[in-house]
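Colleague: Please take a close look at the empty space in this model. Walk me through the pocket, then what lies beyond.

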Amino acid sequence: GQRAEQVVLGLEDAQRAALPHIMSLLIVLSSDGVNVSSQRVPWAALRDQHAHGAVAALVESRLFVSDLVGNTPVFGIAHDAILRRWPRMTAWIAAHRNALAARSRLALHAGRWRDEGRLADLLLPRGKLLDEAVELREAGVWSLTADEHELIRMSDRRVRQRDRLRMAAMGLIVLLAVLASGLGANALLAKRAAEARRIEAESLM
């Protein structure tokens, strides 16, 4: 932990500012929010040269490692002990534990949705899951995959379509109620007019 902090303090300000983005790529939390681990990440997932510089410095100091998975260059934490021994890392995990769990849930749903042919039945429903996913997308910290972005977009669109249909149905119900009320009022007026004519005719007779 001390070694990692020494390396970070030696970085440029812009490189240090990229650390939350780097941590968001590396750290994985189980969907129940309990178990913390790390994963290998493609170098191409880094946003800019500042993030590249920060990771390169951590690789050079042997806190991170860089290798190939297939033909893809990846990097990762050298040992998961860093997740527990580096105060900067543990503080970030504690501050983002709920978001990390939401991120894991989103990845799980997106993977199932993709693997089963992007079925509409597997889109995120209205409620906590979709709200969490939208918050992750809007936060700007988390790097979501193309499948995750598409799942959120299509789920949000379906919810909005259903909202519009619900509003249209409510509007139609209100219109029919007003129409029925108007017809009822007209019928009542017609009945009263007929009654008045009957009374008038009887008086004339």
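Modeller: Helices (H or I, at least four residues) and strands (E, at least two) are DSSP runs, numbered from the N terminus. With those names in hand, start at helix α7. This helix gives the most to the lining of the largest pocket, with 4 residues. A pocket is an open set of points on a 1 Å grid over the protein atoms alone, with protein on both sides within 12 Å along at least five of seven lines, and its lining residues have an atom within 4 Å of a point.

One caution before we go on. This is a predicted model, where local features need pLDDT of at least 70, side-chain atom pairs count only at pLDDT 80 or more, and totals for chains, interfaces and linings use all residues. Residues are numbered from 1 along each chain as its sequence is written, and side-chain values use heavy atoms, with hydrogens and water left out.

How far can you trust it? pLDDT is the predictor's confidence in each residue, from 0 to 100. Here the protein averages 86, and 99% of the residues score at least 70. Among the elements, helix α4 (residues 49-60) has the highest mean, 94. Helix α9 (residues 146-204) has the lowest, 81.

Now the pocket itself. About 350 Å³ of space lies in the largest one. That volume is the space filled by probe spheres set on the grid points, which are joined across faces, edges and corners. The lining holds 19 residues. Find L25, Q39, R103, S143 and T145 on your screen: of the lining residues, these lie nearest the centre. Four elements give two or more residues to this lining: α3 (19-26), β1 (27-29), β3 (41-42) and α7 (97-115). By type, the lining splits into 11 nonpolar, 5 polar and 3 charged residues. (Nonpolar covers Ala, Val, Leu, Ile, Met, Phe, Trp, Tyr, Cys and Pro; charged covers Asp, Glu, Lys and Arg; the others, Gly among them, are polar.)

Next, look for closed space. A cavity is a set of points where a 1.4 Å probe fits but cannot get out. The count comes to 1 cavity of 30 Å³ or more. The largest cavity holds about 50 Å³. Helix α7 turns up again: it gives the most to this lining too, with 4 residues. Both α7 and α8 (128-139) supply at least two residues each. The full lining is A102, R105, L106, H109, L124, L129, E132 and A133. Sorted by type, these are 5 nonpolar, 1 polar and 2 charged.

Last, follow strand β3 away from the pocket lining, to which it gives two or more residues. Strands pair if DSSP finds at least two bridges between them. β3 and strand β5 (residues 72-77) run antiparallel and are joined by 2 bridges. Look at V41: its bridge partner in β5 is F75. β5 also pairs with strand β4 (residues 64-69), again antiparallel, over 6 bridges. There V65 has G76 of β5 as its bridge partner. β4 and β5 form a hairpin with 2 residues between the strands. In that hairpin, G70 takes a positive phi near 70°.

So trace a short route. Begin at the pocket, where R103 is among the residues nearest the centre. Move to the cavity, where R105 is one of the lining residues. Then go to β3, and step across to β5 through V41 and F75.
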